[in-house]
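User: I would like a close look at a single part of this model, followed by an account of how its surroundings are arranged. Please keep the treatment formal and connected.

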Amino acid sequence: MKNITFLLALSLMSLPSIIIAQDEYKYEPVPNKAEYYVDKFKPGKDFEDLLKWGEQLVKWTSDHSIYDNWQPVVFMPYFNSNLQSHDSVFLGLWPNATEQYIGLDYWVKNGTSLLAKAPTIPVNAIDTWQWPISSPEGDLNVGAVRFADCKMKEGVTVRQIFDAYKDFAMKARSTGDNLGRKMIFPGSGALEGDYDYVYSLYAQNVADLGSGSDNYWANINGSDEDKVLGELIESCSNNRTYITHQLK
């Protein structure tokens, strides 16, 4: 599969070597790490139970400075091609791999009793790198995120795509857009598929994802930035949308 070859190449490089030839590109990614835990509910449990358990988890981690830069978010699947496959996704965001694995080390040694109380059973766990493109302004309430599996055209590099996304995001912001965007590179635990990266489009509240879509068709579609980006992308598929709840 195309993405397996691409991800293997990423895994063989140190992070500084991924971001090379800076003079050839307009923008430099500032990567972060993210863990996605895809779950099913235990019998009799639901999303409210997950939010309550999440509060316990946040309280537990607040006693340990290891987790000061850790950001937990839980997703509820909404528009999805297979709603029976999972009930929720737990996302843990980290600034880098060092802090992520220090936190993981502490968790596997000390978090067993709290994990046993979780209302979910894991279906899949995915370790990723992420390249943020844009961030929404304002405080998070109940938000929304849409993911798509994307392929680059032959000969296109991830840095070229990133530059095009950055220009596109700035054009979008100039028209009133307030959406966040990321390129996500799944690693360990990723399902095989013919894609190069996962594109994330997210909003601080559910309504903004809808207004952002209308704004694209009214004010961004067909712009120079939109055309440049479209010339680099072969396809994006498997769109799925989740409702998001930030836990801290």
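Which residues of α6 are buried?

Analyst: This is a predicted model. In α6, the buried residues are Val 158, Arg 159, Ile 161, Phe 162, Asp 163, Ala 164, Tyr 165, Phe 168, Ala 169 and Ala 172. The helix comprises 17 residues, 158-174, and at 1.5 Å a residue it should span 24 Å; the C-alpha atoms at its ends are 24 Å apart, so expectation and model agree. Another residue of interest here is Lys 166, which lies over the face of Tyr 27, 5.8 Å from the ring centre.

Beyond the helix, the chain passes Gly 176, which follows α6 and has a positive phi, near 105°. Leu 179 is found in the loop between α6 and β6, the latter covering residues 180-186. Leu 179 has a relative accessible area of 3% and is therefore buried, since the cut-off for that class is under 20%. Leaving aside residues up to four places away in sequence, Leu 179 touches Ser 134, Ser 135, Pro 136, Arg 173, Leu 201, Tyr 202, Ala 203, Asp 208, Leu 209 and Gly 212. Among these contacts, Leu 201 and Ala 203 point one way from β7, whereas Tyr 202 points the other way. The C-alpha atom of Leu 179 is also separated by 7.7 Å from that of Gln 204, although the two residues are 25 apart along the chain.

The loop thus leads to β6, and β6 pairs with β7 in the antiparallel sense over 5 bridges. Within this pairing, Arg 181 stands opposite Leu 201 in β7. On another side, β7 is joined to β5 by 7 bridges, and these two strands also run antiparallel; here Ala 148 has Tyr 199 in β7 as its bridge partner.

Strand β7 itself is mostly covered, with 7 of its 7 residues buried. Tyr 197, Tyr 199, Leu 201 and Ala 203 point one way from the strand, while Val 198, Ser 200 and Tyr 202 point the other way; all are buried. Ser 200 offers a detailed example. It is found in β7, residues 197-203, and its relative accessibility is 4%, so Ser 200 counts as buried. Not counting residues up to four places away in sequence, Ser 200 touches Val 145, Arg 146, Phe 147, Gly 180, Arg 181, Lys 182 and Ile 184.

These strands belong to a wider arrangement. A closed barrel of 8 strands runs β1-β3-β2-β8-β5-β7-β6-β4, with antiparallel pairing. Direction ignored, neighbouring strands of this sheet are turned by 35° against each other on average. In the pairing of β1 (residues 32-41) with β4 (residues 120-134), 10 bridges join the antiparallel strands, and Lys 40 has Ile 121 in β4 as its bridge partner. Two helices pack on the sheet. Helix α3, residues 47-62, touches β1, β2, β3, β4 and β8, and its direction makes about 170° with that of β2. Helix α7, residues 206-220, touches β5, β7 and β8, and its direction makes about 45° with that of β5. Elsewhere in the barrel, Asn 238 is found in strand β8, residues 233-246. Asn 238 has a positive phi of about 55° although it is not a glycine, and with a relative accessible area of 40% it is partly exposed.

Aromatic residues form a further set of contacts: the structure holds 20 aromatic pairs. In one of them, the ring centres of Trp 53 and Phe 90 are 6.3 Å apart and the planes are at 70°, so the pair is edge-to-face. This pair links distant parts of the chain, with Trp 53 in helix α3 and Phe 90 in strand β3, 37 residues apart. Both Trp 53 and Phe 90 are buried. Tyr 78 and Phe 79 also form an edge-to-face pair, with 5.0 Å centre to centre and 85° between the planes. Of these two, Tyr 78 is partly exposed, at a relative accessible area of 46%, whereas Phe 79 is exposed, at 55%. Ring pairs also link Trp 60, Tyr 67, Trp 70, Trp 94, Tyr 106 and Trp 107 into a cluster. Finally, Lys 33 lies over the face of Trp 129, at 5.0 Å from the ring centre.

Key:
Residues are numbered from 1 along each chain as its sequence is written. This is a predicted model: local features need pLDDT of at least 70, side-chain atom pairs count only at pLDDT 80 or more; totals for chains, interfaces and linings use all residues. Side-chain values use heavy atoms; hydrogens and water are left out. Helices (H or I, at least four residues) and strands (E, at least two) are DSSP runs, numbered from the N terminus. The expected span of a helix is 1.5 Å times one less than its number of residues. Buried means under 20% relative accessible area, exposed over 50%, partly exposed in between (1.4 Å probe, protein chains only). Contact means heavy atoms within 4.5 Å. Two strands pair if DSSP finds at least two bridges between them. Axes are lines fitted to C-alpha atoms, for helices over the stretch in contact, and angles run from 0 to 180 degrees between N-to-C directions. Rings of Phe, Tyr and Trp (its six-membered ring) pair if their centres lie within 6.5 Å; planes under 30 degrees apart count as stacked, over 60 as edge-to-face and the rest as tilted. A charge sits over a ring if NZ of Lys or CZ of Arg is within 6 Å of the ring centre and within 35 degrees of the ring normal.
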